[in-house]
Amino acid sequence: RFDESTVASRKGSTAPSPPPSVKGIGKKVAKPDYSEQKIVVAMVGLPARGKSYLSNKLMIYLRWLEYDVKVFNVGQLRRTKARQKAQKLGVKENHNAEFFSHSNAQATQSRDSLAEESLEMLIKWLKEGGNVGIHDATNSTKSRRAKIEARLAKEKGMILIFLESLCDDPAVIAANVELKVSQGDPDYKDMSPDEARKDFLRRINEYEKVYETITEPHLSYLRIKNVGEEVTMSRINGYLSSRIAFYLMNLHIRPRNIFFSRHGESQYNVEGKIGGDSLLSLRGMQYAKALPALITDNIGEKPLTVWTSTLKRTIQTAQYLPYTKLTWKSLDELDAGVCDGMTYEEIEQAYPDDYANRDEDKFNYRYRGGESYRDVVVRLEPVIMELERQENILIIGHQAILRCLYAYFHHLPQADLPYIKIPLHTVIKLTPKAYGCDEERYTLPINAVDTHRPKPKAAKQPNVHPTTQRIYYVEEEVKTSA
Ligand code: ATP
Ligand code: F6P
């Protein structure tokens, strides 16, 4: 329990232990029951303070952990409604800086009612089964926050947390403003970058005139100042709320790379066997020897830490890398239980029902005496948390493990996750960006077996993932009652 303005440092904080428990052996495992969890996270902050960024990061993280999460972005609702009005009545609303002036009573009322409508949509969605609804708006005055509080007091069992992003670092603000004006923010798509910049700065200025940082002592809140330089928590209780706070306080936006590589080809890979703790094949050893040049050429003088599992094949692969190395038990390959050491053909013969169950729903299938992909996601959660805190990291891991981590960074659905292609002797370089991750892949010219089993034909095929992707402002149409 964190009470009244606990100032927490970014380092050395401890996470609460995870609760989800799921049963099932050799068959599909039921999704953990989170139906009792109803949390409203209401953002607070001036424009260009990373509210949408934080909302999306939180959504991706909690969805990865299987909570049902949705962001309700008031700006998006405003634009959808304006488009509908323009189509129906032929009236084009002007949402320039004037619309955001608090001395413009009509516009203020219009903005207040949009925020209320968005909150109503959020509450309805939570009642229909959602777990965490994120109200992505400025909520920048005490009176606006009091209205949210009063509305939620009428609902049973809904927890309200405010998340404020404060920032007075001119470099961060300037970068955020540039991102808005140069990378297709929908409010500015018809303006030149110069006009857009001017208007956006005026909009910020309008908000600054009335902005009230959150100090209301009775509210639950988390305030992040200058991207985590200082974090204030007040009245944050309970497992999921603490989890959310802990995740958010660990985020940073410093440029960095995350590299993924599987271990070099192992003896078990060559024999087609899964699991085990075998050593590298001769070709696997060649990969281990070639890896340092690839990584050093890429990272240059920048610091890098290498994480391996506790299994011999990853430690052997990392042995020539001239960087600090850490071993993580959580990075050990998915435990195949009684099937450990068998080939897929042997498993099909010995456990035909299990084999078919796995093909039918690979994410949820748990090996007898072993794990499912879902179990692996739960055990990787501390790794994700630490990855968010760190800068340049190279993970020498395993096929299933890297699929789970990769799915988090690219926000890929569960059904596709166990089929993601992570070939041997290939380095995947991720560069986190404001809205998504860029990716490059480097394959070393050292042959290796292919351990990827494609999804059975009858099942839905996974989406195709381009090797380089970047996502900016993909705006969905908001479903409105209008
Ligand atoms: P608006 O109210 O105009 O929609 P916003 O507050 O939602 O603005 P974003 O669109 O999320 O702002 O801004 C994105 C930028 O914020 C990204 O470039 C990201 O790097 C940066 N950012 C992320 N976290 C923070 C933070 N805690 N403080 C300031 N900037 C951040
Ligand atoms: O075959 C290599 C391997 O790392 C095995 O040890 C592991 O069981 C398997 O990949 C995971 O991949 P899949 O989930 O596709 O069976």
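The largest share of the shell around ligand 1, 4 residues, comes from α5, a helix in the DSSP sense (helices are H or I runs of at least four residues, strands E runs of at least two, both numbered from the N terminus). This is a predicted model, so local features need pLDDT of at least 70 and side-chain atom pairs count only at pLDDT 80 or more, while totals for chains, interfaces and linings use all residues. Residues are numbered from 1 along each chain as its sequence is written, chains are lettered from A and ligands numbered from 1 in the order in which they are written, and side-chain values use heavy atoms, with hydrogens and water left out.

Back to ligand 1: its shell counts 19 residues, with Ala 48, Lys 51, Ser 52, Tyr 53 and Tyr 435 the closest (a residue is near when one of its heavy atoms lies within 4 Å). By class, that shell splits into 12 nonpolar, 4 polar and 3 charged residues (Ala, Val, Leu, Ile, Met, Phe, Trp, Tyr, Cys and Pro count as nonpolar, Asp, Glu, Lys and Arg as charged, and the others, Gly among them, as polar). Among the polar contacts (pairs of N or O atoms within 3.5 Å), a polar side-chain atom of Lys 51 sits 2.7 Å from an oxygen atom of ligand 1. A polar backbone atom of Arg 49 is 3.0 Å from an oxygen atom of the ligand, and a polar side-chain atom of Asn 176 is 3.0 Å from a nitrogen atom of ligand 1. The protein covers 91% of the 650 Å² of accessible area that ligand 1 has on its own (Shrake-Rupley method, 1.4 Å probe). Two or more residues of the shell come from each of α1 (51–64) and α5 (170–182).

Ligand 2 has a shell of 3 nonpolar, 4 polar and 5 charged residues. Its surroundings include Arg 262, Glu 333, Arg 358 and Arg 403, along with Tyr 344, Lys 362 and Gln 399. An N or O atom in the side chain of Tyr 344 comes to 2.5 Å from an oxygen atom of ligand 2. For Lys 362, a polar side-chain atom lies 2.6 Å from a ligand 2 oxygen, and for Gln 399 the corresponding distance is 2.9 Å. The protein covers 98% of the 400 Å² of accessible area that ligand 2 has on its own.

As for empty space, there are 3 cavities of 30 Å³ or more (a cavity is a set of points, on a 1 Å grid over the protein atoms alone, where a 1.4 Å probe fits but cannot get out; lining residues have an atom within 4 Å of a point). The second largest has a volume of about 50 Å³, volume being the space filled by probe spheres set on the points, which are joined across faces, edges and corners. Tyr 344 and Arg 358 are among the residues lining this cavity, as are Tyr 365, Tyr 367 and Arg 453. Helices α11 (344–350) and α12 (352–360) each supply at least two lining residues, and α12 gives the most, with 3. The lining has 5 nonpolar, no polar and 3 charged residues.

The structure also holds 35 salt bridges (a side-chain nitrogen of Lys or Arg within 4 Å of a carboxyl oxygen of Asp or Glu). One of them pairs Lys 127 with Glu 155, the closest N and O atoms being 3.2 Å apart. Lys 127 belongs to helix α3 (residues 105–127) and Glu 155 to the loop between α4 (142–153) and β5 (159–166), so this pair ties together parts 28 residues apart in sequence.

Definitions and conventions
Polar contact = N/O pair within 3.5 Å; in protein donor to acceptor, adjacent residues only side chain to side chain. 1 Å grid on protein atoms, 1.4 Å probe; cavity = no way out; pocket = protein on both sides within 12 Å on 5 of 7 lines; lining within 4 Å.
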